[in-house]
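Let's take a walk through this structure together, starting with how far to trust it and then moving from strand to strand. Keep the viewer open as you read.

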Amino acid sequence: MQLSRAVLFTAWLQGGLVAACDKHPTSPPYDPVLPTDWAADITNPWFPFLPGSSQRFEQQTDEGLETVVVEMLTVRRTVNGVSAVVVHDRVYLEGDLIEDTYDWYAQDSSGNVWYLGEDSKEIENGQVVSTHGSWEWAVDGALPGIIMWANPGQHIGEEYRQEFYEGEAEDWAKVLAVGETVVVPAGTFTNCVRTDEWNGLESASHEDKLFCSGIGFTLGLPQGGGRVELLERTGS
């Protein structure tokens with residue numbers, strides 16, 4: 001969703017960087033009923049998209065302070081014939097860029113937001129060292145998944161795929177609760193959806209995420225401790 005699971009934040013952002021020896025497709029087989037009617041814009045309150053807006057997050061890790069900058073771009077990308085919005089995610093460790101990702105999303109006519117793919121680059125010392133986790137709907141068998149339901153309360157406890165590129169990008173989620181309140185440096189927000197999200201190709205990758213109405217992703221609580229907090233947002 002998404003940033004890499006190396007930083008346990010994804011997006012509402014996705015990543016899926018996995019060591020080659022760990023790439024085993026998860027079950028059951030994925031054969032979704034895909035939309036044929038798409039909305040012109042994303043209006044889902046828990047995954048809002050306002051072109052030109054941005055958000056900044058921080059997480060203290062064992063390796064240092066990670067800063068995540070998320071920008072909603074004004075450009076669009078056509079993915080398998082669908083006009084998708086583009087989100088630019090950058091992850092910094094102690095000020096050094098370590099991941100640079102473009103994510104593509106679209107909303108169906110029922111209000112569900114789908115994740116259509118990503119172009120993800122892992123960076124070391126200013127050089128791209130990996131593009132694992134990159135995928136695009138209809139390329140090499142990759143399929144989109146749900147990133148946010150139109151009515152999350154109707155799906156509590158239901159496991160669903162957020163993406164599917166066999167052996168490379170297989171993130172899952174389930175809705176745990178709705179109507180929660182979140183307090184982060186950016187403010188106090190209500191009407192939030194709590195999800196449990198995990199990389200199906202890795203063990204111990206679970207993270208609770210909270211998405212607040214009108215804001216989107218606001219707080220991440222990785223398994224094992226720590227907080228990914230929304231510090232500020234602009235243009236929204």
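In strand S8, Leu143 stands opposite Phe164 of strand S10. That facing pair is a handy place to start, but a word on confidence comes before the rest of the tour. What you have here is a predicted model. The protein chain averages a pLDDT of 90, and 89% of the residues score at least 70. The stretch to treat with care is residues 1-22, where pLDDT stays under 50. The model still has 122 contacts beyond four places in sequence for that stretch. Tempting as such contacts may be, where pLDDT is low, the predicted coordinates should not be read in detail.

Back to S8, then. This strand covers residues 143-148, and it is mostly covered: six of its six residues are buried. What does S8 pair with? One partner is S10, residues 163-164, which runs antiparallel to S8 with two bridges between them. Another is S5, residues 113-124, again in the antiparallel sense, this time over three bridges. On the S5 pairing, look for Val113, which stands opposite Met148 in S8. If you're tracing side chains along the way, remember that in a regular strand they alternate between the two faces of the sheet.

Just ahead of S8 there is a backbone oddity to check. Asp140 sits in the loop between strand S7 (135-136) and S8, and its phi is near 60 degrees, a positive value in a residue other than glycine. That's worth a look because most residues other than glycine have a negative phi. Is Asp140 buried or exposed? With 59% relative accessibility, Asp140 counts as exposed.

Asn191 does something similar, with a positive phi of about 55 degrees although it is not a glycine. The setting here is a strand, though: Asn191 lies in S12. Its relative accessible area is 39%, so Asn191 is partly exposed.

Stay in S12 and you reach the disulfide. The count for the model comes to one, and it joins Cys192 to Cys212 with the sulfur atoms 2.1 Å apart. Cys192 belongs to S12 (residues 187-199) and Cys212 to S13 (residues 207-212), so the pair ties together parts that are 20 residues apart in sequence. For the conformer-minded, the torsion about the S-S bond is about 100 degrees, so this disulfide is right-handed. Cys192 and Cys212 are both buried.

S12 also takes part in a charged link. Arg194 forms a salt bridge with Glu180, the closest N and O atoms being 3.0 Å apart. Glu180 lies in strand S11 (residues 171-184) and Arg194 in S12, so this pair ties together parts 14 residues apart in sequence. Glu180 has a relative accessible area of 21%, so it is partly exposed.

How many salt bridges does a search of the whole structure find? The total is eleven. Some of them share partners, joining Arg56, Glu58 and Glu232 into one network. Another of the salt bridges pairs Glu71 with Arg90, with the closest N and O atoms 2.3 Å apart. Here Glu71 is in strand S2 (residues 64-79) and Arg90 in strand S3 (residues 82-93), so to speak a link between distant parts of the chain, 19 residues apart. Glu71 comes out at 26% relative accessibility, which means partly exposed.

Now look at Arg161 and Glu170, whose side chains meet in a salt bridge at 3.2 Å, N to O. Are these two residues buried or exposed? Arg161 has a relative accessible area of 5%, so it is buried, and Glu170 is at 0% relative accessibility, which also counts as buried. The cut-off behind both calls is under 20% relative accessible area.

One last stop is Gln55, found in strand S1 (residues 54-61). Its relative accessible area is 5%, so Gln55 is buried. Where does its side chain reach? The side chain of Gln55 gets to the backbone oxygen of Ile215 at 3.1 Å.

How values were computed: Residues numbered from 1 in each chain as written. Predicted model: local features only at pLDDT ≥ 70, side-chain atom pairs only at ≥ 80, totals over all residues. Heavy atoms only, no water. Buried < 20%, exposed > 50% of the residue type's maximum accessible area, 1.4 Å probe, protein only. Helix = DSSP H or I, 4+ residues; strand = E, 2+ residues; numbered from the N terminus. Pairing = 2+ DSSP bridges. pLDDT = per-residue confidence, 0-100. Contact = heavy atoms within 4.5 Å. Disulfide = S-S within 2.5 Å. Polar contact = N/O pair within 3.5 Å; in protein donor to acceptor, adjacent residues only side chain to side chain. Salt bridge = Lys/Arg side-chain N within 4 Å of Asp/Glu carboxyl O.
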